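Let us read a model step by step. A learner asks, a teacher answers.

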Amino acid sequence: MNLETKYRIVEIFESMQGEGYNTGMLAIFLRFGKCNLACAWCDTPYQKFSILTARDILQKITQYQAKNIIITGGEPTIQPDIQTLITELKQLHYYLAIETNGLKPIPKGIDYIATSPKKAYQAIYHTKGITEADEVRLVVDGDMFEFCQMIESKIQAKNYYLSPCEINGQMNIQETMQQLGKLNSRTNNPIHWNLSLQTHKLIGIR
Ligand code: SF4
């Protein structure tokens, strides 16, 4: 690859995955700048990024112990030349997980897809977006029942999660539990929704 190719990077750090199916997995977080949505409760400073070359990124990543990379954002799928970087990381034998809002196609070579469609943009999701993922993780932003049913019918996934929304340090955990109870009490519906907590926030790690 051209090692001088430039990317918008918010941060690169090593930590444990705090949420979803891979909770606890040691991973390098590769967070890209910019997003194609603008959620009111977004907790990521995706507009504050630096321009790093592929060389810078690879140098930083290879300093860490983890062999798993969580490619996140912002929105990673809108990054120019993302496929080139992913192909390079794959050739270095990293396990690649992506976190995406699911509106754009997933680059080739990704090992695990976690998608988080947003209810506030449900009109867009009716007509656009990916149809397969390993994990669907929806943030509870109001009554999710109809949106969850729409997403179930649209995205085939191995696991479905509801995640509390955090605003000013407060998480709507009780509301999330109530909505899980309602979803999982449907008769003749084989899809079970699970709870995903942002445990990294609860224990104060990145
Ligand atoms: S899709 Fe994700 S990164 Fe983009 S604005 Fe919404 S919460 Fe933030």
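**Reading the chain as a whole**

Q: Where do I start, and how many helices and strands does the chain have?
A: Start with the origin: this is a predicted model. Then count the elements. The chain has six helices and 11 strands.

Q: What does the radius of gyration say about how compact the chain is?
A: Set the value against the globule rule for the chain length. Here the radius of gyration is 17 Å, close to the 17 Å that the rule gives for 206 residues, so the chain is as compact as a globular protein of that length. For the extents, take the principal axes: the C-alpha atoms fill a box of roughly 55 × 35 × 30 Å.

Q: What share of the residues is buried?
A: Buried means under 20% relative accessible area. In this chain, buried residues make up 51% of the 206 residues.

Q: And what does the accessible surface consist of?
A: Look at the total, then at the atom types. The surface comes to about 10200 Å², and carbon and sulfur atoms hold 51% of that area.

Q: How do I read the contacts by sequence separation?
A: Take the contacts with a separation of 6 or more. Of these, 65% join residues 24 or more positions apart.

Q: How many charged side chains are there, and how far apart are the centres of the two sets?
A: Count each sign, then compare the centres. The chain has 21 positive and 20 negative side chains, with the two centres 4 Å apart.

Q: How many disulfides does the structure hold?
A: Zero.

Q: Why does cysteine 35 count as partly exposed?
A: Partly exposed lies between 20% and 50%. Cysteine 35 has 26% relative accessibility, so it counts as partly exposed. Cysteine 42, at 32%, is also classed as partly exposed.

Definitions and conventions. Residues numbered from 1 in each chain as written. Predicted model: local features only at pLDDT ≥ 70, side-chain atom pairs only at ≥ 80, totals over all residues. Heavy atoms only, no water. Helix = DSSP H or I, 4+ residues; strand = E, 2+ residues; numbered from the N terminus. Rg over C-alpha atoms; globule rule 2.2 N^0.38 Å. Buried < 20%, exposed > 50% of the residue type's maximum accessible area, 1.4 Å probe, protein only. Contact = heavy atoms within 4.5 Å. Areas by Shrake-Rupley, 256 points an atom, 1.4 Å probe, with all protein chains shown as cover. Lys, Arg positive; Asp, Glu negative; His and termini not counted. Charge placed at Lys NZ, Arg CZ, Asp CG, Glu CD. Disulfide = S-S within 2.5 Å.
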